[in-house]
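Here are my notes on this one, as numbered points. Have the structure open while you go through them.

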Amino acid sequence: ARSYILDGSLSELEERHAARFLRIHRNALVARQAVRALEKHYDPEEGEGWAVRLNGVDELLAVSRRQLSAVREAITR
C-alpha cells in the first residue's frame with residue numbers, strides 16, 4: 001500500500017548494505033536471508049536461464065548471467 005523513493009543508485013544501496021542484500025540482476029537486490037534456492041528455468045521471452053526462489057514469494061526472480069557466480073557463491077556459504 002506504500003511506495004518509497006530512494007534518492008540514490010542501486011549500486012550505492014548495495015555497497016551500504018552488502019552484508020544484508022545480494023544483487024541478482026542489474027535492477028534487483030534481494031535480502032540474502034530470504035534466498036531459498038537457485039533454479040534453472042525457462043522464460044518464453046528470455047529463454048533458458050537461472051532464477052532465485054525467495055521465502056514467502058511464489059514468483060521466481062531472474063538472475064543475470066553476470067551475477068550468477070556471485071549468487072551461487074552466496075548460496076553455498
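1. Start with Gln-67, which, apart from neighbours within four places in sequence, is in contact with Arg-23, Ile-24 and His-25. This is a predicted model, so read the contacts in that light. Gln-67 belongs to the loop between strand 5 and helix 2. Is the residue buried or exposed? Gln-67 counts as buried because its relative accessible area is 16%, and the cut-off for buried is under 20%.

2. Stepping back to the layout: there are two helices and five strands, and along the sequence they come in the pattern α-β-β-β-β-β-α. The C-alpha trace spans about 35 × 30 × 25 Å along its principal axes. Of the 77 residues, 26% count as buried. As for contacts between residues at least 6 apart in sequence, 26% of them join residues at least 24 apart.

3. The sheet is an open one, with three strands in the order 3-4-5 and antiparallel pairing. Strand 3 (35-43) and strand 5 (61-63) are at the edges with a single partner strand each, so each has one side without a neighbour in the sheet. From one strand to the next, the twist averages 40°.

4. Now the two hairpins. Strand 3 and strand 4 make one with three residues between them, and eight bridges join this antiparallel pair, strand 4 being residues 47-54. If you want a register check, Leu-38 has Val-52 as its bridge partner in strand 4. On the other side, three bridges link strand 4 to strand 5, again antiparallel, with Ala-51 opposite Ala-62 of strand 5. The hairpin of strand 4 and strand 5 has six residues between the strands, and there Gly-56 takes a positive phi near 80°.

5. Strand 4 is mostly covered, with six of its eight residues buried. Helix 2 (residues 68-76) lies across strand 3, strand 4 and strand 5, and runs at about 145° to strand 3.

6. Which residues make up the largest nonpolar core? There are 11 in all: Leu-22, Ile-24, Ala-28, Val-30, Ala-34, Val-35, Val-52, Leu-54, Val-63, Leu-68 and Val-71. Strand 1 (21-25), strand 2 (28-31), strand 4 and helix 2 each supply at least two residues of this core. That fits a general tendency: in soluble globular proteins, nonpolar side chains tend to be buried together. Ala-34, one of the core residues, touches Arg-53, Leu-54 and Asn-55, leaving out residues up to four places away in sequence.

7. Glu-39, in strand 3, is worth a look too. Glu-39 is classed as partly exposed because its relative accessible area is 25%, and that class runs between the 20% and 50% limits. Not counting residues up to four places away in sequence, Glu-39 touches Gly-49, Trp-50, Ala-51, Arg-53 and Leu-60. Between Glu-39 and Tyr-4 there are 30 Å in space, C-alpha to C-alpha, with the two 35 residues apart in sequence.

8. Last, the rings. The structure holds zero aromatic pairs. What sits over the ring of Trp-50? The charged end of Arg-72 does, 4.8 Å from the ring centre. Trp-50 also turns up among the residues that Glu-39 touches.

Conventions. Residues numbered from 1 in each chain as written. Predicted model: local features only at pLDDT ≥ 70, side-chain atom pairs only at ≥ 80, totals over all residues. Heavy atoms only, no water. Pairing = 2+ DSSP bridges. Helix = DSSP H or I, 4+ residues; strand = E, 2+ residues; numbered from the N terminus. Axes fitted to C-alpha atoms, helices over the stretch in contact; angles between N-to-C directions. Contact = heavy atoms within 4.5 Å. Phe/Tyr/Trp six-rings, centres within 6.5 Å; stacked < 30°, edge-to-face > 60°. Lys NZ or Arg CZ within 6 Å of the ring centre and 35° of its normal. Core = buried A, V, L, I, M, F, W, Y, C linked by side-chain atoms within 4.5 Å. Buried < 20%, exposed > 50% of the residue type's maximum accessible area, 1.4 Å probe, protein only.
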